[in-house]
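Grab a pencil and work through these exercises with the model open beside you. Try each task before you peek at the solution.

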Amino acid sequence: SQVSFEEESQKQPVVGHWKPLMPSKGNKEELETGCQDAGGVGETQSTEQLNVSRLRSSSVEIREKGSEFLKDELHKAQKELKLKDKECERLSKVREQLEQELEELTASLFEEAHKMVREANTKRAAAEKQLREAWGKIDMLQAEVTALKTLVITSTPSSPNRELHPQLLSPSKAGFRKGHGRNKSTSSAMVSAASQNVAPEPVSRECREVDSILFAEFQAWKESPTLDKSCSFLDRIYREDVGPCLDFTKQELSELVRVAVEQNTLTIEPVASQTLPVVKVAAEECGGPKKCALSGLPRTCKHRIMLGDSGKYYYISPSCRTRITAVCNFFTYIRYIQQGLVRQDVELMYWEIMRLRREMSLAKLGFYPSEM
């Protein structure tokens with residue numbers, strides 16, 4: 001029985017499979033009989049102690065192996081946990097990156113949408129402005145066509161219209177009438193051409209001489225006409241004529257008038273006309289029928305101006321009105337040249353510009369028709 005117990009303990013060191021420490025009843029009797037035969041109880045006690053010590057050593061070995069197995073399993077679990085923590089951290093970073101990209105994409109989409117809305121509003125405003133300008137040009141052209149029809153109808157062989165047939169005029173007047181015949185302000189003022197400008201006494205052809213410097217500047221400008229005042233031709237006219245002609249006492253309003261004339265957004269109309277609504281503003285700013293808004297002097301104002309579509313009117317004296325219309329006539333003519341509407345010889349264009357410059361010079365000196 002002892003041998004069999006030792007073999008089983010060596011072959012099967014598994015926890016839970018224990019062999020009985022005490023021998024069975026039959027074995028006990030045999031053991032007692034053998035011990036009695038062998039000669040005593042001492043030998044039996046030594047055998048039992050030996051079995052107990054072996055059993056204790058085997059249990060310690062089992063415990064050590066079990067603890068090692070548990071430690072290995074714990075290490076494996078810790079490694080798997082670390083791997084899962086790293087995976088969770090990586091996934092959280094991916095999620096944060098996706099959320100950031102989504103926010104940036106949303107912000108860019110909103111910004112693009114706002115940009116498109118702004119561009120659409122800008123284009124719509126520009127289209128509306130072009131439409132208003134087109135309607136204004138159409139009205140102006142219709143008025144010109146009506147005036148031309150009237151001139152054509154009133155011209156008959158028996159009584160020809162001398163405005164349509166300049167060859168019927170005297171030599172001095174014919175030479176003066178050559179060139180661009182349109183003498184209206186771009187301000188769309190609903191007044192007749194006769195009341196707008198009264199030219200000074202014409203100068204005969206023999207008394208005129210082309211200035212080589214001015215003519216060369218005009219020819220250079222004529223090659224590529226532009227409204228940019230940086231070129232030498234327009235820069236000289238701005239310095240010598242346009243600037244002084246539009247230099248009034250009220251400097252701030254004078255600058256606004258100059259910009260409106262350059263942009264072709266100035267409107268002049270008689271004071272009696274009430275076709276447009278009048279915005280109530282301070283009397284010092286807009287003047288009045290008895291006070292000029294540009295000079296600030298007490299004058300009888302028969303006309304008023306409006307800058308753009310502001311709806312705000314400024315009353316002006318006859319002298320200021322003459323100075324503004326003289327500058328408007330000059331800009332009208334150079335715009336026609338720029339658009340290719342003037343079909344004349346370069347020298348005739350030059351003399352027409354000199355005539356318009358003379359009108360600005362006279363207007364800035366205070367000369368204006370008495371009927372104004």
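**Exercise 1.** Find out whether Asp241 is buried or exposed, then work out which residue Asp241 pairs with.

*Solution.* Step 1: look up the cut-offs, where buried means under 20% relative accessible area, exposed means over 50%, and partly exposed is in between (1.4 Å probe, protein chains only). Step 2: Asp241 has a relative accessibility of 3%, so Asp241 counts as buried. Step 3: check for a partner using the salt bridge rule, a side-chain nitrogen of Lys or Arg within 4 Å of a carboxyl oxygen of Asp or Glu. The side chain of Asp241 meets that of Arg357 in a salt bridge, at 2.4 Å from N to O. Step 4: place the two along the chain. This pair ties together distant parts, with Asp241 in helix α7 (residues 232-245) and Arg357 in helix α11 (residues 346-364), 116 residues apart. Step 5: Arg357 has a relative accessible area of 10%, so Arg357 is buried too.

A quick word on what you're looking at: this is a predicted model, in which local features need pLDDT of at least 70 and side-chain atom pairs count only at pLDDT 80 or more, while totals for chains, interfaces and linings use all residues. Residues are numbered from 1 along each chain as its sequence is written, and side-chain values use heavy atoms, with hydrogens and water left out.

**Exercise 2.** Analyse the pair Arg258 and Glu262: where do they lie, and how exposed or buried is each?

*Solution.* Step 1: their side chains meet in a salt bridge, 2.5 Å from N to O. Step 2: both sit in helix α8 (residues 251-262), 4 residues apart, which is about one turn of the helix. Step 3: Arg258 is buried, at a relative accessible area of 18%, while Glu262 counts as partly exposed at 24%. Step 4: look for a network. Salt bridges with shared partners join Glu217, Arg236, Glu240, Asp241 and Arg357 into one network.

**Exercise 3.** Do the same for Glu89 and Lys93: which helix holds them, and how far apart are the closest N and O atoms?

*Solution.* Step 1: both are in helix α3, 4 residues apart, or about one turn of the helix. Step 2: they form a salt bridge whose closest N and O atoms are 3.9 Å apart. Step 3: Glu89 is partly exposed, with a relative accessible area of 45%, and Lys93 is exposed, at 51%. Step 4: zoom out, and a search of the whole structure turns up 14 salt bridges.

**Exercise 4.** Describe helix α10: how many residues does it have, and how many of them are buried?

*Solution.* Step 1: helices (H or I, at least four residues) and strands (E, at least two) are DSSP runs, numbered from the N terminus. Step 2: α10 covers residues 318-338, which makes 21 residues. Step 3: compare spans, taking the expected one as 1.5 Å times one less than the number of residues. From first C-alpha to last, α10 reaches 30 Å, close to the 30 Å expected. Step 4: α10 is mostly covered, with 19 of its 21 residues buried. Step 5: after α10 comes Gly340, with a positive phi near 75°.

**Exercise 5.** Take stock of the whole protein: how many helices and strands does it have?

*Solution.* Step 1: there are 11 helices and 3 strands. Step 2: along the sequence they follow the pattern α-α-α-α-α-α-α-α-β-α-β-β-α-α. Step 3: of the 372 residues, 27% count as buried.
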